[in-house]
Structure formats: C-alpha cells, structure tokens
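Subject: Structure handover

Hello,

Here is the structure I said I would pass on. My notes follow below it.

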Amino acid sequence: MRILLLLCIIFPLIGCASSPEKQTKAFYEWYTTQLNNPVKPIFFAAPELDRWVEHSTLTRLNYIYRHGDESTTWDADYFTYSQDVSEKWQQNVIVSPAWHVPGGVAVNVMLGAWNEPQMQSWLIVYLVQQNSTWKITRVKAIDYEQYLNY
C-alpha cells in the first residue's frame, strides 16, 4: 500500500518536468514573438523572463541593463546574439537533443529559415532544472560569448 501511494506521488511529479529541449523551443518561440511585437517588444532583462531564465542569470542581466558601462553593454540581444530579428524565427526554432554538462544540460539552437542564411542564429543554450522546470543559465553563440560579469 505504501509503494502504491509513493508511486501515485512520484509519477505526477515526473510528468511535470518538461524536457530541456521542449522548454528551450517554447522559450524561443515565445521570445522571438515578443521581440517582434510592434507595440512593446521585450528586452533581454525583462521581468517576464523569470518563467524561463534562472534567477541569478536574470539578476545579472538586470544589473548589466541598469548599470552597464562600455565594457558590459552589448551590440546584440543576449538570447539571440543578433541585432535584427526575423519574423520567420518563431516558426523556425530547431533544438538539438540535450547533452549533459557540469551542473545541467546544453542544447544547440538554430533560429531562422534555411532559405534565409543571413538571418540565421546558431546558439548553445545551457539549462539547469529548478522545481521541475528547466531554466536557462547561459547562452552563447557558436564562436562568441557575451559574459555576464559585473
């Protein structure tokens, strides 16, 4: 009887944990839609990112946004590593299977359509699991990284 009760508690909790791949894809579909919002586009340190981004990472992004100097300001958006955002990105988010890295997992992400190579963004996204949710801790381009030092 105890085993049955334990299984009834554990299996629903396991089902709550979305995969890092699904969470990353959902984030980029949402984020690129928000970036293309003509009324109020989102910015890389917006409070709404709390749902997707690990707390200490979001804290560092907010600090850099508010107190950044020439050494910490960026030419590109932290989550896309681009200045321009294609309207095709939200329908063209490709995420690789996750692989384990120290402290969490990483996934490769490609934003963009194959027929628009100049508008593609290739990223490596690092995630950790917190309270059954995968949250982004770090994003880097294939050959460049914007460090979150402050």
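Of the contacts in the chain with a separation of 6 or more, what share comes from residues 24 or more positions apart? The figure is 51%. Please keep in mind that this is a predicted model, so every value here is computed from predicted coordinates.

Overall layout

The chain contains three helices and five strands. Their order along the sequence is α-α-α-β-β-β-β-β. The chain has 150 residues, and 41% of them are buried.

Helix α2 and its salt bridge

Helix α2 covers residues 20-35, and T32 is found there. Is T32 buried or exposed? Its relative accessibility is 0%, so T32 counts as buried. Leaving aside residues up to four places away in sequence, T32 is in contact with V85, W89 and Q90. The T32 side chain also comes to 3.4 Å from the backbone oxygen of E29.

E29 has a second role in these notes, as a partner in a salt bridge with K25. Side chains of opposite charge can pair when their charged atoms come close. In the pair of E29 and K25, the closest N and O atoms are 3.4 Å apart. Both residues belong to helix α2 and are separated by four residues, about one turn of the helix. Neither partner is classed as buried: E29 is partly exposed because its relative accessibility is 29%, and K25 is partly exposed at 33%. The structure holds one salt bridge, and the pair of E29 and K25 forms a salt bridge.

Helix α3

Helix α3 runs over residues 55-67. Does its length fit its residue count, and what span should 13 residues give? At 1.5 Å a residue the helix should span 18 Å, and its end C-alpha atoms are 18 Å apart, so the two agree. The buried residues in α3 are T57, L58, L61, N62 and I64. Viewed down the helix axis, these buried residues fall within an arc of 165°, which means that they line one face of α3. H55 and R66, on the other side of the helix, are exposed. What the buried residues of α3 pack against is strand β5, residues 133-141.

Strands β3, β4 and β5

Strand β4 takes in residues 121-130 and is mostly covered, with seven of its 10 residues buried. β4 pairs with β3 (residues 104-111) through seven bridges, and the two strands run antiparallel. In that pairing, V107 sits opposite V125 of β4.

β4 also pairs with β5, again in the antiparallel sense, over eight bridges. Here Q129 is opposite W134 of β5. β4 and β5 form a hairpin with two residues between the strands, and N131 has a positive phi near 50° in this hairpin. β5 therefore appears twice in these notes: β5 is paired with β4, and the buried residues of α3 pack against β5.

Regards

Definitions and conventions: Residues numbered from 1 in each chain as written. Predicted model: local features only at pLDDT ≥ 70, side-chain atom pairs only at ≥ 80, totals over all residues. Heavy atoms only, no water. Expected span 1.5 Å × (residues − 1). Buried < 20%, exposed > 50% of the residue type's maximum accessible area, 1.4 Å probe, protein only. Arc of directions from axis to C-beta. Contact = heavy atoms within 4.5 Å. Pairing = 2+ DSSP bridges. Polar contact = N/O pair within 3.5 Å; in protein donor to acceptor, adjacent residues only side chain to side chain. Salt bridge = Lys/Arg side-chain N within 4 Å of Asp/Glu carboxyl O.
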